[in-house]
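The following exercises are to be worked with the sequence and the model side by side. Each task is followed by a solution in steps.

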Amino acid sequence: MAYPRLPLLAPNGAVATSQPLAAAAGLAVLRRGGNAVDAALATAITLTVVQPPSNDIGGDLFAIVWDGERLHGLDAAGRSPAGLTREVVLAATGRQAARPPEALGGAQAHGPAMPARGWLPVTVPGAPAGWRDLHDRFGSLPFADLFTDAVGYAEHGHPVSAGTAASWARAVAGHDDLHGEEYAEFGRVFTAGGRAPRPGERWRNPDAARTLRRIAETGAADFYTGGIAAALDAHAARTGGLLTGDDLARHTSTWVDPVGVPYRGHEVWELPPPGQGIAALLALGILDGTDLAGCTVEERVHRQVEAMKLGFADAHAHVADPDRAPSPTAALLDPGYAAARRRLVTDAAGDPVAGEPERGGTVYLCAADAGGMMVSLIQSTYLAFGSHVVLPGYGFALQNRGLGFRLDPDHPNVVGPAKRPFHTIIPGFLTRDGAPVGPFGVMGGHMQPQGHVQLVSAALDAGADPQAALDAPRWYWHTGRTLLVEAELAAEPGLVDRLRARGHEVTVTAERAAFGYGQAVFRSPSGGYVVGSESRVDGAAVGY
């Protein structure tokens with residue numbers, strides 16, 4: 001058995017993320033006098049180069065920032081092309097597309113789905129504008145200074161880390177089934193003679209270095225209204241895409257107020273729809289009325305799973321672009337609604353459906369500085385390498401976030417023009433009596449709200465520090481009564497048999513990828529920070 005990883009104790013500032021070189025880029029910014037937002041941005045930008053299967057310049061971004069006094073939320077999700085309609089999708093595919101991939105999970109997995117690759121699921125990339133908008137509001141160092149490490153690694157190369165190489169290899173194997181001119185550039189940029197780079201192999205992407213320089217020098221304007229936008233417009237027109245220069249020029253990020261629920265004397269915060277953070281809040285609201293600390297392991301897992309099912313049922317039924325189909329967020333988070341949903345949790349595994357409230361591939365990082373500013377940030381191209389559509393000469397893949405749309409014409413999240421789809425990526429934040437505790441997050445598609453619930457419960461029900469909370473064995477629910485549990489959790493004597501007796505269809509697995517990868521930075525009562533980073537992958541927590 002491996003020795004547990006100990007938390008990092010940092011007196012001044014810290015960065016935690018899933019790739020050590022990116023964490024080091026953020027720490028270097030802190031040491032140069034940058035604040036937590038500067039550090040988070042340097043980390044995020046570097047992650048596009050050193051962990052490209054999971055995120056890229058062509059992806060989306062969400063963030064929660066504690067500025068020293070209050071929380072701010074940034075929704076930097078892109079919208080669908082103006083030409084994308086349900087009729088266009090059905091005509092292009094010639095059929096009701098296959099069921100969604102496992103990343104969506106739960107109620108999203110029922111019925112036909114958007115195609116996963118190619119131009120149809122491509123939405124406007126929001127990450128470059130998100131970097132700029134975060135910096136404009138909170139940054140202290142010059143914007144271009146935050147690109148130094150990313151440009152250097154892209155131009156001169158870096159050794160590929162083991163976890164990234166594994167996900168890269170899986171993605172390249174899947175690419176072999178994709179044919180068409182829109183996919184041609186992928187092999188040139190992201191393979192080495194048709195294969196993924198191996199662990200430790202040096203990989204360069206000089207095209208991405210040039211693109212990042214242009215974003216840095218123009219404050220992302222070149223991406224949305226300049227040369228990069230024109231190249232995207234031309235490439236889409238030439239290869240059958242719907243994305244246009246007008247779609248890019250119309251893009252805007254949205255500043256939002258985070259939404260939260262009380263849990264064990266704390267407040268847990270997520271961003272409002274179109275993200276699925278509300279699923280975690282719904283589950284925690286249900287669990288807050290249960291004494292999990294006094295439960296057996298089996299009882300705790302059962303109640304968490306059942307609460308999570310209810311949270312997902314509501315999120316998948318009601319979450320959509322709030323500009324087009326406002327969701328009943330306040331009603332869903334009302335304590336009375338949580339109490340009513342809590343009564344549906346029995347001793348047996350259930351198959352919950354959505355309630356009716358009263359109406360009115362990803363990377364995660366967190367950073368904190370000596371002044372008390374803290375950032376929870378997540379960005380992604382969704383499935384590994386997103387759409388697998390790569391802009392020739394620019395070195396980045398476009399996201400496939402449109403996969404989150406539904407094809408049911410009566411669903412609020414039905415595919416349509418200029419809409420934000422249901423989003424899986426969610427940053428989290430914890431406070432107590434209005435004072436910051438710190439940012440946290442767990443990446444991994446449908447696993448993310450489940451990871452949030454398990455991390456928060458480990459910290460607040462079991463008193464675990466951030467690293468121990470991240471290292472705690474996890475479970476993963478996909479759909480129906482299926483339940484994956486990590487081998488370490490299954491080692492609890494009799495646990496699997498007792499869960500099966502309750503009706504859970506339990507599978508024990510040693511495969512780590514299903515259970516997500518997380519990071520957390522909490523304030524220390526004695527000053528400074530206590531930091532945890534995922535031990536299931538190439539995670540790193542660094543500080544000074």
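**Exercise 1. Identify the residues with the most contacts inside the largest nonpolar core, and the helix that gives the most to this core.**

Solution. This is a predicted model. The largest nonpolar core has 67 residues, and W131 and F147 have the most contacts inside it. Helix α2, residues 36–50, gives the most to this core, with 11 residues. Next, consider the surroundings of W131: leaving aside residues up to four places away in sequence, W131 touches L41, A44, I45, T48, I57, L61, F143, F147, L212, I215 and Q379. Apart from this core lies another, of 49 residues, which includes A307, A469, L470 and V496. As background, nonpolar side chains in soluble globular proteins tend to be buried together.

**Exercise 2. Determine which way the side chains of strand β2 point, and which strands β2 is joined to.**

Solution. In a regular strand, side chains alternate between the two faces of the sheet. In β2 (residues 14–17), A14 and A16 point one way, whereas V15 and T17 point the other way. All of these residues are buried. Now turn to the partners of β2. Strand β10 (residues 362–368) runs antiparallel to β2 and is joined to it by 4 bridges; here T17 stands opposite L365. Strand β19 (residues 540–543) is also antiparallel to β2, again with 4 bridges, and V15 stands opposite V542 in that strand.

**Exercise 3. Find the backbone features at P274, Y382 and H388, and place each residue in its loop.**

Solution. Begin with the peptide bond from P273 to P274, which is cis, with omega near 25°. P274 belongs to the loop between β9 (266–270) and α12 (277–287).

Then examine phi. Y382 has a positive phi, near 80°, although it is not glycine, and H388 likewise has a positive phi, near 65°. Y382 lies in the loop between β11 (374–380) and β12 (428–432), and H388 is found in the loop between β11 and β12 as well.

Finally, are Y382 and H388 buried or exposed? The cut-off for buried is under 20% relative accessible area. Y382 has 2% and is therefore buried; H388 has 1% and so is buried too.

**Exercise 4. State how many disulfides the model contains, and classify C295 and C366 by accessibility.**

Solution. A disulfide is counted when two cysteine sulfur atoms lie within 2.5 Å. By this rule the count is 0 disulfides. C295, at 24% relative accessibility, counts as partly exposed, whereas C366, at 0%, counts as buried.

Technical notes
Residues numbered from 1 in each chain as written. Predicted model: local features only at pLDDT ≥ 70, side-chain atom pairs only at ≥ 80, totals over all residues. Heavy atoms only, no water. Helix = DSSP H or I, 4+ residues; strand = E, 2+ residues; numbered from the N terminus. Buried < 20%, exposed > 50% of the residue type's maximum accessible area, 1.4 Å probe, protein only. Core = buried A, V, L, I, M, F, W, Y, C linked by side-chain atoms within 4.5 Å. Contact = heavy atoms within 4.5 Å. Pairing = 2+ DSSP bridges.
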